[in-house]
Amino acid sequence: DGTQTRGPRAAKVQFKDDFFLVKVSSDYDTLVEKIRQKMGLLFSDLGEDAMQLRYEDKDGDMVMLTSSEDLQMALEEGR
């Protein structure tokens, strides 16, 4: 039928000079929670608004992620 199945995706998360890999779900809030859990081990003093998620689009622009719809667009673009 032409559909391709992909395995789990991972996102490279950068915070200052540190990098982490996080499994990506299609739900923005779940992704944010996974990143907070991963980073919280090292950066427990981060405030609620300290995190901004961005991805690099096909044109090389950094695009802000603020919702599950934004995340879906990023995942579709990355196919």
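The following chat concerns a predicted model and some of its acidic and serine residues.

Me: What should be known about the model first?
Reply: The model is predicted, with local features requiring pLDDT of at least 70 and side-chain atom pairs pLDDT 80 or more, while totals for chains, interfaces and linings use all residues. Residues are numbered from 1 along each chain as its sequence is written, and side-chain values use heavy atoms, without hydrogens and water.

Me: Where is D57, and is it buried or exposed?
Reply: D57 lies in the loop between strand 3 and strand 4. D57 is buried (under 20% relative accessible area, 1.4 Å probe, protein chains only). D57 has no salt bridge (a side-chain nitrogen of Lys or Arg within 4 Å of a carboxyl oxygen of Asp or Glu).

Me: Which side chain of opposite charge is nearest to D57?
Reply: That is K58, 8.0 Å away.

Me: Which backbone nitrogen does the D57 side chain reach?
Reply: The D57 side chain reaches that of D61, at 2.8 Å.

Me: And D59, buried or exposed?
Reply: D59 is exposed (over 50%), because its relative accessible area is 58%. D59 is placed in the loop between strand 3 (53-56) and strand 4 (62-65).

Me: Changing topic, where is S67?
Reply: S67 sits in the loop between strand 4 and helix 2 (68-77). S67 counts as buried because its relative accessibility is 19%.

Me: What does the S67 side chain contact?
Reply: The side chains of S67 and E69 are joined by a polar contact of 3.2 Å (a pair of N or O atoms within 3.5 Å, one able to donate a hydrogen and the other to accept it; residues adjacent in sequence count only if both atoms are side-chain atoms). The S67 side chain also reaches the backbone nitrogen of D70 at 3.2 Å.

Conventions:
Helix = DSSP H or I, 4+ residues; strand = E, 2+ residues; numbered from the N terminus. Lys, Arg positive; Asp, Glu negative; His and termini not counted.
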